[in-house]
Each structure stands twice: as structure tokens, then as C-alpha cells.
Amino acid sequence: VQLQASGGGLVQAGGSLRLSCVASGRNFSRYGMAWFRQGPGREREFVAASSWRRGIRLYYADWVKGRFTISRDNAENTLYLQMNSLKPEDAAVYYCAAALIAENEGYYYSTQGTYDYWGRGTQVTVSS
């Protein structure tokens, strides 16, 4: 699986961006998909995740607080992250990640080691 993230850029505080992550390969719906980010001088952290086993399930980091929305289009093999009310502290490289989840396997969505595949990342810059 190859992941290609896009949609980053420069935005003013309070603005919005939508990130996209296109996955190659088949069986996209079997993958848990997530966004992580890494800001300057900071460790990479979990942002949001989506699984599609037994229905769509969405997971968010506590600090997202309704500002970000993760979604996926399984027909287009694409994961999205809609980011609203952006703050300067949201500036980071945003990475998408994929994990093939077995039917009866737990999905530890916020753990980086869960994910087998990572995209290169897309830079988000927020000006104050």
C-alpha cells in the first residue's frame, strides 16, 4: 500500500484546510486509516482515525474538540481530514497511515506502531 497525502498549505488562524490521502492497492475498506501530525520540535501525535469494520467508526484525539473531521471514501480509496478553526499550534506535517485490521483483531488506533504504512506527509502552516 502506498499513501499520498496532499492538501496542506498556508492558512490564517481561524481558517480551514482539507487534507486528502489517496491509497493504492485493494481492500481499502479493511484498513484502519489515521492522521498523525508532527510539529516543530515535537513528537508525532495522533489526530484522528477511521475504521470500517462493522460500520464506520471514528476516533479523535481529545484536543481536536470538534474542530477536525475525519472521513473516508472507500470507493475512491481516499481518506480526508477537514480542519476548521485552525490555530498556530496546529502547524505541523500531517501524515496519513494505514493498518490492515484482521476481523477479530483489536484496533489500537492512536498507537503509531499499529500502522504498517505511512505517507510522506503534507505541511500545514498557520499564520497568526
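Here are some friendly questions and answers about this predicted model.

User: Hello! Where should I start: how many disulfides does the structure hold?

Analyst: Let's look at the sulfur atoms, keeping in mind that the model is predicted. A disulfide needs cysteine sulfur atoms within 2.5 Å, and those of Cys21 and Cys96 lie 2.1 Å apart. The structure's count of disulfides is one.

User: Which strands does this disulfide link, and how many residues apart are its two cysteines?

Analyst: The bond joins Cys21 and Cys96, and it is right-handed, with 60 degrees about the S-S bond. The pair links distant parts of the chain: Cys21 belongs to strand S3 and Cys96 to strand S9 (residues 92-100), a separation of 75 residues.

User: Are Cys21 and Cys96 buried or exposed?

Analyst: Strand S3, home of Cys21, covers residues 17-23 and is mostly covered, with five of its seven residues buried. To count as buried, a residue needs under 20% relative accessible area. Cys21 and Cys96 are both buried.

User: Which residue in S3 is the bridge partner of Gln4?

Analyst: Strand S1 (residues 3-6) pairs with S3 in the antiparallel sense, over four bridges. Within that pairing, Gln4 has as its partner in S3 the residue Val22.

User: And which residue in S8 is the bridge partner of Arg18?

Analyst: S3 also pairs with strand S8 (residues 78-83), again in the antiparallel sense, over six bridges. Here Arg18 is matched in S8 with Gln82.

User: Let's move on to S5. How many residues lie between S5 and S6 in their hairpin?

Analyst: Strand S5 (residues 45-51) and strand S6 (residues 57-60) run antiparallel with four bridges. One of these matches Ser51 with Arg57 in S6. In the turn, Arg54 has a positive phi of about 55 degrees, and the number of residues between the two strands is five.

User: Why does Ser50 count as buried?

Analyst: Ser50 sits in strand S5. Its contacts beyond four places in sequence include Tyr31, Met33, Leu58, Ile70, Leu79 and Tyr107. Buried means under 20% relative accessible area. Ser50 counts as buried because its relative accessibility is 0%.

User: How far apart in space are Val11 and Val124?

Analyst: Val11 is part of strand S2 (residues 9-12). Beyond four places in sequence, Val11 touches Ser16, Leu17, Leu86, Thr125, Val126 and Ser127. Val11 and Val124 are 113 residues apart in sequence, yet from C-alpha to C-alpha the distance in space is 7.9 Å.

User: What is the relative accessible area of Val11?

Analyst: The cut-off for buried is under 20% relative accessible area. Val11 is buried because its value falls below that cut-off, at 11%.

User: Now for empty space: how much lies in the largest cavity?

Analyst: Rolling a probe the size of a water molecule over the atoms shows where empty space is left. The count of cavities of 30 Å³ or more is one. The space in the largest cavity is about 30 Å³.

User: How many nonpolar, polar and charged residues line the largest cavity?

Analyst: The lining is made up of Val1, Ala23, Ser24, Gly25, Arg26, Phe28, Tyr31 and Asn77. Gly counts as polar and Tyr as nonpolar in this sorting. The lining therefore divides into four nonpolar, three polar and one charged.

How values were computed: Residues are numbered from 1 along each chain as its sequence is written. This is a predicted model: local features need pLDDT of at least 70, side-chain atom pairs count only at pLDDT 80 or more; totals for chains, interfaces and linings use all residues. Side-chain values use heavy atoms; hydrogens and water are left out. On a 1 Å grid over the protein atoms alone, a cavity is a set of points where a 1.4 Å probe fits but cannot get out, and a pocket is an open set with protein on both sides within 12 Å along at least five of seven lines; lining residues have an atom within 4 Å of a point. Grid points are joined across faces, edges and corners, and a volume is the space filled by probe spheres set on the points. Buried means under 20% relative accessible area, exposed over 50%, partly exposed in between (1.4 Å probe, protein chains only). Two strands pair if DSSP finds at least two bridges between them. Contact means heavy atoms within 4.5 Å.
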